[in-house]
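Let's take a tour of this protein together. Have a look at the sequence and the 3D view first, then read on.

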Amino acid sequence: WSTFNKIEFRIVVGGNISWITTGSTLELGEWYHVAASFSSSSGRRIYINGVLEANDYPTGEIEPINSNIYIPREFSGPIDEVSLWNKALTQEQIYQSMANEIDHFDSSLVGYWKFNEGSGDVVTDHSDNGNNGAINGGATWTEDVPVPPVLGCTDPTMFNYDPNADT
């Protein structure tokens, strides 16, 4: 999250920190599903609401994360879920995760924080890896959560027909 209401994805690749920033400006007070992925074959990607928003192809290998992961303190807004994987997800997998609960038994899932505790300063990892997180600076818990999209299409001749599908 940057001061210009855009999403930044920073990683260390080939010994150098690099980042990409989305082109779209996000509206404050709106819910967004944000996903980022990196692999040497598909590059670095940022998806907003399941749509590819930014991508590039940094050279080199991504360096392992040997420390805590932070959501910057400059971020001021609601968070519903955060998941961390040790593989790059496809656009279809990201889109599916927007509307469905993540399979916490998936061996590629490193951390899955639902932020459903409702109180306190600990967020529970639901990935079966025990990577519970600490909330520093306090949190305001709310019942106002995003409504997941209804997947499918509105064409009755298609196999994934759903008259309530989001188009």
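Sort the lining of the second largest pocket by class and you get three nonpolar, four polar and four charged residues. Keep in mind that we're looking at a predicted model. The pocket itself has a volume of about 180 Å³. Who lines it? W85, K87, L89, Q93, Q96, S97, N100, E101, I102, D103 and D106 do. Helix α1, which covers residues 91-99, supplies the largest share of that lining, with three residues.

Now zoom out. The protein has one helix and nine strands. If you walk along the sequence, the pattern reads β-β-β-β-β-β-α-β-β-β. Here are some overall values for the protein:

| Property of the protein | Value |
|---|---|
| Share of its 167 residues that count as buried | 25% |
| Share of contacts (separation of 6 or more) made by residues 24 or more positions apart | 42% |
| Accessible surface | about 11,100 Å² |
| Share of that surface belonging to carbon and sulfur atoms | 50% |

Next, the inside. Which residues make up the largest nonpolar core? There are 10 of them: I7, F9, I11, V13, I20, L26, F38, I46, I48 and A54. Two elements, β1 (8-13) and β4 (43-48), each give two or more residues to this core. The top contributor is β1, with three residues. Apart from this core lies another one, made of eight residues, and W85, L89, I94 and Y112 are among them. You've met two of those names already: W85 and L89 also line the second largest pocket.

Let's pick out one member of the largest core, I20. What does I20 touch, once you skip residues up to four places away in sequence? The list is I7, E8, F9, R44, I46, A54, N55 and D56. Some of these partners, including I7, F9, I46 and A54, belong to the largest core too.

One more residue to find in the 3D view is S37, which sits in strand β3 (residues 34-39). Is S37 buried or exposed? S37 has a relative accessible area of 6%, and buried means under 20%, so S37 counts as buried. Leaving out residues up to four places away in sequence, S37 touches F9, G43, R44, R45, Y47, A88 and L89. Of these partners, F9 is part of the largest nonpolar core, while L89 is one of the residues in the other core.

Conventions
Residues numbered from 1 in each chain as written. Predicted model: local features only at pLDDT ≥ 70, side-chain atom pairs only at ≥ 80, totals over all residues. Heavy atoms only, no water. Core = buried A, V, L, I, M, F, W, Y, C linked by side-chain atoms within 4.5 Å. Buried < 20%, exposed > 50% of the residue type's maximum accessible area, 1.4 Å probe, protein only. Helix = DSSP H or I, 4+ residues; strand = E, 2+ residues; numbered from the N terminus. Contact = heavy atoms within 4.5 Å. 1 Å grid on protein atoms, 1.4 Å probe; cavity = no way out; pocket = protein on both sides within 12 Å on 5 of 7 lines; lining within 4 Å. Points joined across faces, edges and corners; volume = space filled by probe spheres on them. Nonpolar A, V, L, I, M, F, W, Y, C, P; charged D, E, K, R; others polar. Areas by Shrake-Rupley, 256 points an atom, 1.4 Å probe, with all protein chains shown as cover.
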